[in-house]
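Visitor: Could you walk me closely through one part of this model and what surrounds it?

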Amino acid sequence: MGGATSVDKEYRIPYSSWWPQELPDERNFEEARAKLDSVGWKVDYVITHTCSTRMLSPTLYPAPGWNYPAVDRLTAFFDELEDCLDYKRWYYGHFHRDANPAERHTVLYDCIVRLGDELQPWDVA
């Protein structure tokens, strides 16, 4: 599922370098829920542009004491998936870094990994 909130949209031009439709709407979430219902909420891999709200802090600021940024409707939906979905690994890339911020989560920017793999120390320069 694509999309993420643009934190710099005040510096962008609507419909040229920023689009109000950057986030999925409730219809998209309902469609995703229906598809996940059809497979019993079990998938091998999740591939999204951004991550759940609960993964924002470990992804962006792994140091202790940092609080979550504001929740938007997409990261909140991904929190729902974190609670209900049975999956092996979640990949996302919005944050321009390469890391394994949690046991089943990999954020990718420059690195390439085989589906199912996590980054290894030698992958990250």
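Guide: Gladly, and one yardstick comes first: a residue is exposed when its relative accessible area is over 50%, buried when it is under 20%, and partly exposed in between (1.4 Å probe, protein chains only). The model is predicted, so local features need pLDDT of at least 70 and side-chain atom pairs pLDDT 80 or more, while totals for chains, interfaces and linings use all residues. Numbering runs from 1 along each chain as its sequence is written, and side-chain values use heavy atoms, without hydrogens and water.

Let's look at helix 3. Helices here are DSSP runs of H or I with at least four residues, strands are E runs of at least two, and both are numbered from the N terminus. Helix 3 covers residues 73-84, 12 residues in all, and spans 17 Å from first C-alpha to last. That is close to the 16 Å expected at 1.5 Å a residue, where the expected span is 1.5 Å times one less than the number of residues. At its start, a side-chain oxygen of D72 comes to within 2.9 Å of the backbone nitrogen of L74.

L74 is also one of the buried residues of helix 3, along with T75, F77, F78, D79, L81 and E82. These buried residues pack against helix 1 (26-38), helix 2 (53-60), strand 2 (89-92) and strand 4 (105-107); contact here means heavy atoms within 4.5 Å.

The meeting with helix 2 deserves a longer look. The axes of helix 2 and helix 3 are 7 Å apart and cross at about 100°; axes are lines fitted to C-alpha atoms, over the stretch in contact for helices, and angles run from 0 to 180 degrees between N-to-C directions. The two helices are therefore roughly perpendicular, a label for angles of 65 to 115 degrees, with under 35 roughly parallel, over 145 roughly antiparallel and the rest oblique. From helix 2, T53, R54, M55 and L56 take part, and they meet T75, A76, D79, E82 and D83 of helix 3.

Helix 2 has its own buried set: T53, M55, L56, S57 and T59. The cover over those residues includes helix 3, strand 2, strand 3 (99-102) and strand 4. Strand 2 and strand 4 thus turn up again, having been named as packing partners of the buried residues of helix 3.

Now zoom in on D79, which lies in helix 3. D79 counts as buried because its relative accessibility is 15%. Leaving aside neighbours within four places in sequence, D79 is in contact with S52, T53 and R54. With T53 the link is specific: their side chains share a polar contact of 3.2 Å. A polar contact is a pair of N or O atoms within 3.5 Å; within protein, one must be able to donate a hydrogen and the other to accept it, and residues adjacent in sequence count only through side-chain atoms on both sides.

For a companion to D79 elsewhere, try E22, in the segment before helix 1. E22 counts as buried because its relative accessibility is 16%. Its side chain makes a polar contact of 2.9 Å with that of W18 and another of 2.6 Å with that of S6. Beyond residues up to four places away in sequence, E22 touches G3, A4, T5, S6 and K9.

Y15 is found in the segment before helix 1 too. Y15 is exposed, at 54% relative accessible area, and has a positive phi of about 65° although it is not a glycine.
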